[in-house]
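Please open the model in your viewer and show its backbone, with the secondary structure drawn, so that each stop on this tour can be selected in turn.

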Amino acid sequence: MGLKEELLTLKEEITKNLEKASNIQTLEEVRTQFLGKKGRLKHILKTLGKLSPEERKEIGKLANSIKEYIEQQIKEKENILKNLLLQEKLQKEKVDITLPSFWLDIGASHPVISTLVEISEIFLSMGFSIEEGPEIEFEEYNFDMLNIPKDHPARDMQDTFFLNNGMLLRTHTSPVQIRTMLKRNPPIAMIAPGRVYRKDADPTHSPMFHQIEGLMIDKDITFKDLKGILKIFLENVFGKDIPIRFRPSYFPFTEPSAEVDIGCTVCKGKGCRVCKGTGWLEILGCGMVDPNVFKAVDIDPEEYTGFAFGLGIERITMLKYQIGDIRILFENNMNFNNQFKGLR
Ligand code: DAH
């Protein structure tokens, strides 16, 4: 076979091999096989010297054009393969944005805290300030100055956690009323959310629970103001149509005193186990500030009047979410807690 035929066969062979090359690696093999230092083309070119000058010129030209052709073919194929590789990669790494995202396990507020925040925000929106007091409290602030007599059952060792130093764990948030009135002159509009403690433990009582205290004092505050504010508050928490009633009651620090009931959220007033058949749920205590309380903090009861109220946050939370046993709120059972994710 003459050199010319050899070159043409080489061209044909390489074209076939290139067609077959299915990845960059085999393409590289083809390149070295034909164009490399020890490749077929180099081999043919080495024998050029044996030819006559005319032949050498002709074959040399042919060899060069074939070399160029091969190089170009390889380049083209390389581009195709690289493109394929890219497509494959894109396909493999494709992100389907319509898939649900993986669950980011972020924390959430405890239902008692969300209720506390919800109630606080309602009062903040009406211009009330938020006050705080210590959980370890003076007996004077917790009882005496609130007009709670020395022989009151709440003062019994059975009900109150007394500490060795003569102080106690506050049994209600009412001492924050005293602290605020000692600190500031009227007008006052405040709420005080916080923890309180009592020696009590059953399905509806926990030794630690949360209350919100409310107090409003000015020159012409009447029972009408109390009713109006509580109505706004209860309608915000339980809905516009919630039935509300005021029932006469007794608290040492208010006179007159009342307890407020809402229509049972479970049976809608028909009577059920939760409302013990009455159709009503007791929700908070309230009344007009007793003149004796004003006197204890040096506010003139002839000049100022005011109302106060107090409520248990766990109770409201339980009614809101129809929780039957208070203890589950403090067990840290994640199956329970997780149901409140995304609430706030
Ligand atoms: N301190 C009361 C309690 O713990 C609740 C309460 C009732 C607070 C009437 C008040 C009030 O401010 O006016 O049971």
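Helices and strands are here DSSP runs, of at least four residues for a helix and at least two for a strand, numbered from the N terminus. With that in hand, glutamine 322 can be placed in the loop between helix H10 (313-321) and helix H11 (334-337). Keep in mind throughout that this is a predicted model.

As background for every stop, most residues other than glycine have a negative phi, and most peptide bonds are trans.

Stay at glutamine 322, where phi is near 55°, a positive value in a residue that is not glycine. Show the surface there as well: glutamine 322 has a relative accessible area of 52% and counts as exposed, because the cut-off for that word is over 50%.

Select lysine 268 next, in the loop that runs between S7 and strand S8 (280-289). Although lysine 268 is not a glycine, its phi is positive, at about 55°, and the residue is exposed, with a relative accessible area of 65%.

Now turn from phi to omega. Select glutamate 255 together with proline 256, and look at the peptide bond that leads from the glutamate to the proline, which is cis, with omega near -5°. Proline 256 itself is found in strand S7, which comprises residues 254-263.

For the last stop, select proline 186 and proline 187, whose connecting peptide bond is cis, with omega near 5°. Proline 187 belongs to the loop between helix H7 (175-183) and strand S4 (188-197).

How values were computed
Residues are numbered from 1 along each chain as its sequence is written. This is a predicted model: local features need pLDDT of at least 70, side-chain atom pairs count only at pLDDT 80 or more; totals for chains, interfaces and linings use all residues. Side-chain values use heavy atoms; hydrogens and water are left out. Buried means under 20% relative accessible area, exposed over 50%, partly exposed in between (1.4 Å probe, protein chains only).
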